[in-house]
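The following exercises ask the reader to work through the architecture of one protein model, from a single residue outward to the surrounding elements. Each task is followed by a solution in steps.

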Amino acid sequence: MYRDVIRGVYPGRFQPIHWGHIEVIKWALEKVEELIIVIGSAQESHTIINPFTAGERIVMIKAALKDANIDLDRVYIVPVPDILLNAVWVNYVALYVPKFRYGIARNPLVIRLFKEAGYEVLIPPPYDRAMYSSTRIRRYMLEGNDEWKKLVPPSVVMIIDEIKGLERLREVSGRD
Ligand code: NAP
């Protein structure tokens with residue numbers, strides 16, 4: 001039962017999760033029975049590129065999956081801190097997650113590391129990659145451009161509002 005389930009691991013920083021990530025998750029759930037979303041760089045928070053804590057990201061991802069009517073019973077959300085050793089990173093991730101068959105990624109380094117560790121890799125198509133990007137979302141937030149709210153599920157907007165995420169991002173970036 002445990003060993004027979006076909007699982008995939010999808011790592012990302014999710015700073016924050018957006019509709020592009022959600023499309024990847026839906027795509028992956030057509031190919032695997034269970035999906036393990038690994039929140040990478042779990043030790044990072046309160047910086048311009050990693051404003052949100054792992055705990056905040058867990059809550060945002062779960063709420064975003066609910067917004068998208070994704071079956072939470074088929075998903076695990078596991079935070080994993082980075083390590084200095086790329087060569088053993090996949091084996092290290094494997095210690096934190098249920099047994100899996102596939103790595104799911106577009107990031108070339110992550111694809112390479114899964115392959116070298118002996119895992120098959122599923123590469124999702126880009127979903128309007130220029131628009132749906134966490135970098136763009138964080139830039140809009142810093143510029144005070146509300147367009148970012150269209151790029152993430154509604155409950156993510158509510159959580160970022162509740163934790164005063166925009167204020168945090170502006171303060172850590174040194175902007176007023
Ligand atoms: P990310 O920017 O959150 O993206 C996660 C995945 O979603 C990537 O494959 C990305 O593809 C994809 N994606 C994003 N927007 C998309 C869209 N609109 N359409 C389709 N796909 C989309 O995170 P990441 O930087 O890849 O995260 C990797 C994590 O693993 C990081 O936390 C990193 O630190 C960690 N890691 C750690 C080590 C270590 O500790 N030694 C080694 C390797 C990786 P794109 O590539 O196209 O953005």
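**Exercise 1. A residue in its strand**

Val 9 is a residue of strand β1 in this predicted model. Determine whether Val 9 is buried or exposed, and identify which residues Val 9 touches.

*Solution.*

Step 1. The relative accessibility of Val 9 is 0%. Buried means under 20% relative accessible area, and Val 9 therefore counts as buried.

Step 2. Leaving aside residues up to four places away in sequence, Val 9 touches Ile 36, Val 38, Val 93, Val 97, Phe 100, Tyr 102, Gly 103, Ile 104 and Phe 114.

Step 3. Two bridge relations of Val 9 can be added. Val 9 stands opposite Ile 36 in β2, and in β4 the bridge partner of Val 9 is Gly 103.

Step 4. A separation along the chain completes the description of this residue: Val 9 and Ile 160 lie 151 residues apart in sequence, and their C-alpha atoms are separated by 26 Å.

**Exercise 2. The faces of two strands**

Determine which residues of β1 lie on each side of the strand, and which residues of β2 point each way. Then state how many residues of each strand are buried.

*Solution.*

Step 1. In a regular strand the side chains alternate between the two faces of the sheet.

Step 2. For β1, one side carries Arg 7, Val 9 and Pro 11, while Gly 8, Tyr 10 and Gly 12 are on the other; all are buried, and both faces are covered.

Step 3. The count for β1 is 6 of the 6 residues buried, so β1 is largely enclosed by the rest of the structure.

Step 4. For β2, Glu 34, Ile 36 and Val 38 point one way and Leu 35, Ile 37 and Ile 39 the other way, and all are buried.

Step 5. With 6 of its 6 residues buried, β2 is therefore also largely enclosed by the rest of the structure.

**Exercise 3. Assembling the sheet**

Determine in what order the strands are arranged, which strands lie at the edges, and how many bridges join β1 to β2.

*Solution.*

Step 1. The open sheet has 5 strands in the order β3-β2-β1-β4-β5, with parallel pairing.

Step 2. β3 (75-79) and β5 (120-122) are the edge strands, as each pairs on one side only.

Step 3. On average, neighbouring strands of this sheet are turned by 25° against each other, direction ignored.

Step 4. β1 and β2 pair in the parallel sense over 6 bridges; in this pairing, Arg 7 stands opposite Glu 34.

Step 5. β2 (residues 34-39) and β3 pair in the parallel sense over 5 bridges. Here Ile 36 stands opposite Tyr 76, Ile 37 opposite Ile 77, and Ile 39 opposite Pro 79.

Step 6. The chain crosses from β2 to β3 through helix α2 (residues 54-67), and this β-α-β crossover is right-handed.

Step 7. β1 and β4 run parallel and are joined by 2 bridges.

**Exercise 4. The helix across the sheet**

Determine which strands helix α1 lies across, and which of the residues in α1 are buried.

*Solution.*

Step 1. Helix α1 (residues 19-29) lies across β1 (7-12), β2, β3, β4 (102-104) and β5, and runs at about 145° to β2.

Step 2. β1, α1 and β2 make a right-handed β-α-β unit.

Step 3. The buried residues of α1 are Gly 20, His 21, Ile 22, Val 24, Ile 25, Trp 27, Ala 28 and Leu 29. Since 8 of the 11 residues of α1 are buried, the helix is largely enclosed by the rest of the structure.

Step 4. His 21 serves as an example: its relative accessibility is 13%, so it counts as buried. Not counting residues up to four places away in sequence, His 21 touches Tyr 10, Phe 14, Pro 16 and Ser 134.

**Exercise 5. A pair of crossing helices**

Determine at what angle the axes of α5 and α7 cross, and which residues make the contact.

*Solution.*

Step 1. The axes of α5 (residues 134-143) and α7 (residues 165-173) come within 9 Å and cross at roughly 85°. The two helices, α5 and α7, are therefore roughly perpendicular to each other.

Step 2. Arg 138, Met 141 and Leu 142 of α5 make the contact with Leu 166, Leu 169, Arg 170 and Ser 173 of α7.

Step 3. Sorted by class, this contact of α5 with α7 has 4 nonpolar, 1 polar and 2 charged residues.

Definitions and conventions: Residues numbered from 1 in each chain as written. Predicted model: local features only at pLDDT ≥ 70, side-chain atom pairs only at ≥ 80, totals over all residues. Heavy atoms only, no water. Axes fitted to C-alpha atoms, helices over the stretch in contact; angles between N-to-C directions. Helix = DSSP H or I, 4+ residues; strand = E, 2+ residues; numbered from the N terminus. Parallel < 35°, antiparallel > 145°, perpendicular 65-115°, else oblique. Contact = heavy atoms within 4.5 Å. Nonpolar A, V, L, I, M, F, W, Y, C, P; charged D, E, K, R; others polar. Pairing = 2+ DSSP bridges. Buried < 20%, exposed > 50% of the residue type's maximum accessible area, 1.4 Å probe, protein only. Right-handed = clockwise from strand over helix to strand, strands pointing away.
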